[in-house]
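Here is a set of questions about how particular labels are earned in a protein model. Each answer sets a value beside the criterion that applies to it.

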Amino acid sequence: MAAFGLQPWRTETFKISPDPLLIDKIRDVVGLYLAPPANTAVFAVDEKPQIQARERTAPVLPMVPGTPERRSFDYVRHSTVDLFAALNTATGKVIGKLSAQQRAVDFRDFLDEIDRQTDPGLAVHVICGNLSAHKAPTVHKWLLAHPRFQLHFTPTDSSWINQVERWFAELERRCINRICRYCDRISGPGH
């Protein structure tokens, strides 16, 4: 392959958002990242659905000088979970919550978790995608009861602008794809 300059492991994709409010939404989200209002906490929030909870059938043998880390190729699957994550854009702290499903009530419960873990004196700005669960009546009702919370939506097909996506990519690279080398299992956020 090298002789022909082929690199089959490389991929590129790109899509321009059809969102009519693309520029306004990008300005809103980037503005929150670069210059958040005073006395606020800004959270980049998203869900990672259908994470496979897997366990290796044999212990991972650690890397030693001259020998790579070794692991069995097979594993036992223990169903799937959805991970809700909120990345505080100022501190880098992540609030996470596992859920069996990705429903509006689960998102509302996750907003409750963010509320519990955030200083009550701060306004809370939540950057999230356009998932229907984020706009459901149960979430709207919750927001009316919690006026310090304000949702900001990324443009359609533009999850790349949500900073928590970078955290998900690291989580996947370090733990999910490899089955965490530190404990040989999937573990919660912040691991």
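Helices (H or I, at least four residues) and strands (E, at least two) are DSSP runs, numbered from the N terminus. In this predicted model, Asp19 is placed in the segment before H1.

Q: Why is Asp19 called buried or exposed?
A: The relative accessible area of Asp19 is 8%, and buried means under 20%, so Asp19 counts as buried.

Q: What makes the pairing of Asp19 and Lys25 a polar contact?
A: The side chains of Asp19 and Lys25 are joined at 2.8 Å, and because the criterion asks for a pair of N or O atoms within 3.5 Å, with one able to donate a hydrogen and the other to accept it, the pair is listed as a polar contact. Leaving aside neighbours within four places in sequence, Asp19 is in contact with Lys25, and also with Pro155 and Thr156.

Q: Why is Asn88 called buried or exposed, and where does Asn88 lie?
A: Asn88 is in strand S2, which spans 75-88. Its relative accessibility is 13%, and since the limit for buried is under 20%, Asn88 is therefore classed as buried.

Q: What surrounds Asn88?
A: A polar atom of the Asn88 side chain lies 2.9 Å from the backbone nitrogen of Ala90. Not counting residues up to four places away in sequence, Asn88 touches Val42, Phe43 and Lys93.

Q: What makes up the lining of the second largest pocket?
A: The second largest pocket, with about 200 Å³ of space, is lined by 18 residues, and those nearest its centre are Ala41, Val42, Asn88, Ala90 and Thr91. Helix H1 (22-34) and strand S1 (40-56) each supply at least two lining residues, with S1 giving the most, namely four. By class, the lining has ten nonpolar, six polar and two charged residues.

Q: Which residues have the most contacts inside the largest nonpolar core, and which element gives the most to this core?
A: The largest nonpolar core has 21 residues, and Phe43, Val45, Leu111, Ile114, Val126 and Phe149 have the most contacts inside it. Several elements each supply at least two residues of this core, among them S1, S2 and helix H2 (104-117), and H2 gives the most, with five residues. A second, separate core of 15 residues includes Tyr33, Ile161, Val164 and Trp167.

Q: Which residues are in contact with Val45?
A: Leaving aside neighbours within four places in sequence, the contacts of Val45 include Phe107, Phe110 and Ile114, together with Val126, Ile127 and Cys128. Val164 is also in contact with Val45.

Q: What makes the phi values of Asn39 and Asp157 worth a remark?
A: Most residues other than glycine have a negative phi. Phi of Asn39, however, is near 55 degrees, and that of Asp157 is near 60 degrees, and each is a positive value in a residue other than glycine.

Q: How do you know whether Asn39 and Asp157 are buried, partly exposed or exposed?
A: Asn39, in the loop between H1 and S1, has a relative accessibility of 58%, and because exposed means over 50%, Asn39 counts as exposed. Asp157, in the loop between S5 and helix H4 (164-176), has a relative accessible area of 40%, which falls between the limits of 20% and 50%, so Asp157 is partly exposed.

Conventions:
Residues numbered from 1 in each chain as written. Predicted model: local features only at pLDDT ≥ 70, side-chain atom pairs only at ≥ 80, totals over all residues. Heavy atoms only, no water. 1 Å grid on protein atoms, 1.4 Å probe; cavity = no way out; pocket = protein on both sides within 12 Å on 5 of 7 lines; lining within 4 Å. Points joined across faces, edges and corners; volume = space filled by probe spheres on them. Nonpolar A, V, L, I, M, F, W, Y, C, P; charged D, E, K, R; others polar. Core = buried A, V, L, I, M, F, W, Y, C linked by side-chain atoms within 4.5 Å. Buried < 20%, exposed > 50% of the residue type's maximum accessible area, 1.4 Å probe, protein only. Contact = heavy atoms within 4.5 Å.
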